[in-house]
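Opening the notebook on this one. I want to look up how a pair of helices packs, then check a few loose ends.

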Amino acid sequence: MGSGMASRLLSANFSLTVYNRSREKCIPFARDGAFVAASPREALSRAQVVLSMVADDIASRDVWLGENGVLSGELADAAAGAVLIECSTLSLGWVQELAAAAAQRDRRFLDAPVTGSKPQAASGELLFLVGGSTESLAAALPVFSVLGRDVVHLGPTGSGALMKLVNNFLCGVQAASFAEALSLIDAGGLDRGKAMSILTGGAPASGILKRMADRIAANDFAPNFALRWMAKDLAYALQGASGKGVSLESASAALSVFERAMAEGHGDEDFSAVTKIDSPRNDPRIEAATGRQNES
């Protein structure tokens with residue numbers, strides 16, 4: 001995702017500084033004119049807009065508050081007006097902590113996670129879900145306009161992060177349900193191709209189901225969005241909902257399906273590989289439900 005975004009900015013002739021923990025990943029951008037920073041902190045010293053696109057809370061904390069993080073130590077006066085933007089899908093608690101750390105250092109901050117994956121990042125078709133002040137958003141719009149098809153300002157800090165978790169937990173629930181549906185289709189001896197055609201062409205159809213069906217038909221599970229990241233997002237959604245007194249029972253069930261897929265070795269494949277799980281047999285919950293039906 002970050003690579004696609006960096007390429008878009010270079011193609012639009014932005015003066016670009018890049019940083020990656022794996023320095024060799026920066027080499028193609030250096031060849032195209034980008035400056036390769038030795039640390040996130042050095043990147044801040046050269047930037048008016050700083051964007052982070054990383055895997056999870058741990059990686060984000062290291063980028064922003066680590067030993068050589070963007071917000072570590074005394075900040076250079078040259079970066080006083082910089083807008084700090086976190087585009088990763090993160091927990092609500094960490095986003096609020098990060099925003100507070102930026103405010104303590106008198107820096108503008110936006111949480112701006114995106115919908116879309118690698119193809120959309122490369123083509124500039126991301127949708128930014130933004131939380132933060134209108135002033136900070138206005139300063140970041142020239143960058144967002146190159147990277148995305150639209151920007152939705154959802155409210156104060158944390159609003160973008162919450163909306164992204166809602167978006168992804170719904171995607172995860174659909175994916176897990178489709179995986180279990182295919183298990184039942186196979187166990188019942190139905191023609192899988194015909195069954196998928198019915199599901200993707202009828203009332204259950206969604207972008208997620210259609211994308212997964214295409215992946216299955218092509219036997220292509222190369223990751224655009226890795227399965228383990230979907231599991232992470234489901235866990236963050238459950239954590240955030242709990243903090244607001246909301247129970248996401250469907251998300252909890254979906255997470256258990258994704259955890260089973262990871263245990264079977266599919267964590268680094270595309271999340272559509274959740275359909276490759278081995279269906280559990282003799283599930284006591286199923287037997288109990290069947291027993292209640294018989295009794296009634």
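Which hand does the crossing of helix 8 and helix 10 have, left or right? I looked it up, bearing in mind that this is a predicted model: the crossing is right-handed.

Next, the geometry of the pair. I find that helix 8 covers residues 159-187 and helix 10 covers residues 207-218, with their axes coming within 10 Å and crossing at roughly 50°. That angle is neither under 35 degrees nor in the 65 to 115 range, so helix 8 goes down in my notes as oblique to helix 10.

Then I listed who touches whom. From helix 8 I have Cys171, Gln174, Ala175, Phe178 and Leu182, and they meet Ile208, Leu209, Met212, Ala213 and Ile216 of helix 10. Sorted by class, that contact comes to nine nonpolar residues, one polar and no charged ones.

I also checked the length of helix 8. With 29 residues at 1.5 Å a residue, helix 8 should span 42 Å, and its end C-alpha atoms are 42 Å apart, so the two agree. Just past the end of helix 8, I noted Gly189 with a positive phi of about 80°.

Last entry: Ala100. I place it in helix 5, residues 92-104. Is Ala100 buried, partly exposed or exposed? Its relative accessibility is 36%, so I put Ala100 down as partly exposed; the partly exposed band lies between 20% and 50%. I also looked up Ala100 against Thr17: they are 83 residues apart along the chain, and their C-alpha atoms are separated by 25 Å.

Terms used: Residues are numbered from 1 along each chain as its sequence is written. This is a predicted model: local features need pLDDT of at least 70, side-chain atom pairs count only at pLDDT 80 or more; totals for chains, interfaces and linings use all residues. Side-chain values use heavy atoms; hydrogens and water are left out. Axes are lines fitted to C-alpha atoms, for helices over the stretch in contact, and angles run from 0 to 180 degrees between N-to-C directions. Helices (H or I, at least four residues) and strands (E, at least two) are DSSP runs, numbered from the N terminus. Angles under 35 degrees count as roughly parallel, over 145 as roughly antiparallel, 65 to 115 as roughly perpendicular and the rest as oblique. A crossing is left-handed if the near helix is turned anticlockwise from the far one by less than a right angle, and right-handed if clockwise. Contact means heavy atoms within 4.5 Å. Ala, Val, Leu, Ile, Met, Phe, Trp, Tyr, Cys and Pro count as nonpolar, Asp, Glu, Lys and Arg as charged, and the others, Gly among them, as polar. The expected span of a helix is 1.5 Å times one less than its number of residues. Buried means under 20% relative accessible area, exposed over 50%, partly exposed in between (1.4 Å probe, protein chains only).
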